[in-house]
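Trainee: I have a chain to go through with you. Can we take it helix by helix?

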Amino acid sequence: MLFWVIAAILTLGASLAVLLPLAGGPTGASAAGDHDLEVYRDQLSELDRDVARGLIQPAEAEEARAEIGRRILRLGAPGQPDTVAARRPSLAARLVATVAVLAVPLVSWGLYIKLGSPDLPSQPLAERLAKNPADSSVDELVARAEAHLAANPSDGRGWDVLAPIYLRLQRYSDAVSAYRNAIRLDGESAARQAGLGEAIANAAGGIVSAEAQDAFEAALKLDPANAKASFYLAMGLAQEGRTGEATAAWQNMLGTLPPESPWRRAVEQALAENVKTAVASGAPANGPGAQAVEAAQSMSPQDRQTMIETMVAGLDEKLKQNPRDTEGWMRLIRSYVVLGKADQARDALSRGIAVFGADSEEAKKFTAFAASLGLTVTE
């Protein structure tokens, strides 16, 4: 019943706010016209004073008087019946407006009675959060957990449940806090430390910082088989430029992960981006390891070609930073020959000889090696 009383009062207030101006007419119209006319008269007087003082030329004064006169004519004489009548809505217009204003609430009320649920009790947040979790949305479940933890901040189990939800919702800062609380209250576990590291890394835009590395290393101490920690630590190595070590770590993961592990695809994708530079900088000269070869064989020909070319480019860049790598120069020369890029292979040969000197043992070794591949050095 209270609902209907409040609804009736609000409807009546809204209707009166529209109807009263229609019924009352332009009460302030005449006063406003008188005021405007008085302003124009003051402007004419001020114009005459300016002419007398010589502040304005007579021609300009005449133009100004004409403009003010036109405004006075448009305004109309104050208080004239025809002016007021012109500003007052017609009876038909007021009748149509009144019917429209009254029809809106009447139609709305009729539709609400037919389609709405006026007898449904209100559901404050506390009651909505208390309903069956299966009938709740994710936001409601999170709000329910947050409300519980606000009242019970020492509930480590609650923080442990909420932390991975924050992580999936990409609320990384909240996830970091939740994981820290869970560890502080319920102690360390591999899952909590790995989750904390993942939250820290994602909060930093995907960078595996030293703080994130500490969390992942703590997870591996508790569970050496923790795939998440191993994957992110390898990613950290790649981000530091230690791509060879990163690739070796991911290859080792491929050898230990079960076939149904959801991490296998992530590792294979990471290897596709990093195995080339890792092999070029630290793997044996005869090519990548068996796990890397297996990963490469699962790629399409286009992806495999892209991987090889990126590997060679990575080796070339590595040699620019560390040119005293004899085996690296030989791998680079052979790689360009295999790719059919004789000019680039010859350029690599020349650069390698220039690093060690034309009379050095390394230069002789490079020349002989290139000749075995059908490549000769040029001027």
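Trainee: Which residue with a positive phi follows α8?

Mentor: First, this is a predicted model: local features need pLDDT of at least 70, side-chain atom pairs count only at pLDDT 80 or more, and totals for chains, interfaces and linings use all residues. Residues are numbered from 1 along each chain as its sequence is written, and side-chain values use heavy atoms, with hydrogens and water left out. Helices (DSSP runs of H or I, at least four residues) and strands (E, at least two) are numbered from the N terminus. After α8, phi turns positive, near 65°, at glutamine 170.

Trainee: What caps the N-terminal end of α8?

Mentor: Look for a side-chain oxygen by the backbone nitrogen of arginine 157. The pair lies 3.2 Å apart. A polar contact is a pair of N or O atoms within 3.5 Å; within protein, one must be able to donate a hydrogen and the other to accept it, and residues adjacent in sequence count only if both atoms are side-chain atoms. The cap is aspartate 155.

Trainee: How far apart are the end C-alpha atoms of α8?

Mentor: Helix α8 covers residues 156–168, which is 13 residues. The expected span is 1.5 Å times one less than the number of residues. That gives 18 Å, and the model agrees, with its ends 19 Å apart.

Trainee: Which helices do the buried residues of α8 pack against?

Mentor: Buried means under 20% relative accessible area, exposed over 50%, partly exposed in between (1.4 Å probe, protein chains only). In α8 the buried set includes Trp159, Leu162 and Tyr166. Contact means heavy atoms within 4.5 Å. The partners are α7 (138–151), α9 (172–186) and α10 (190–203).

Trainee: At what angle do the axes of α7 and α8 cross?

Mentor: Axes are lines fitted to C-alpha atoms, for helices over the stretch in contact, and angles run from 0 to 180 degrees between N-to-C directions. These two come within 10 Å. Val142, Ala145, Glu146 and Leu149 of α7 meet α8 residues including Trp159 and Ile165. The angle is roughly 145°.

Trainee: Which helix gives the largest share of the largest nonpolar core?

Mentor: A nonpolar core is a set of buried Ala, Val, Leu, Ile, Met, Phe, Trp, Tyr and Cys residues joined through side-chain atoms within 4.5 Å. This one has 39 residues, and Phe216 and Trp250 are among those touching the most other members. Elements giving two or more residues include α8 and α14 (263–282). The largest share, eight residues, comes from α12.

Trainee: How many strands does the protein chain have?

Mentor: Its secondary structure comes to 19 helices. Of its 379 residues, 32% count as buried. The strand count is zero.
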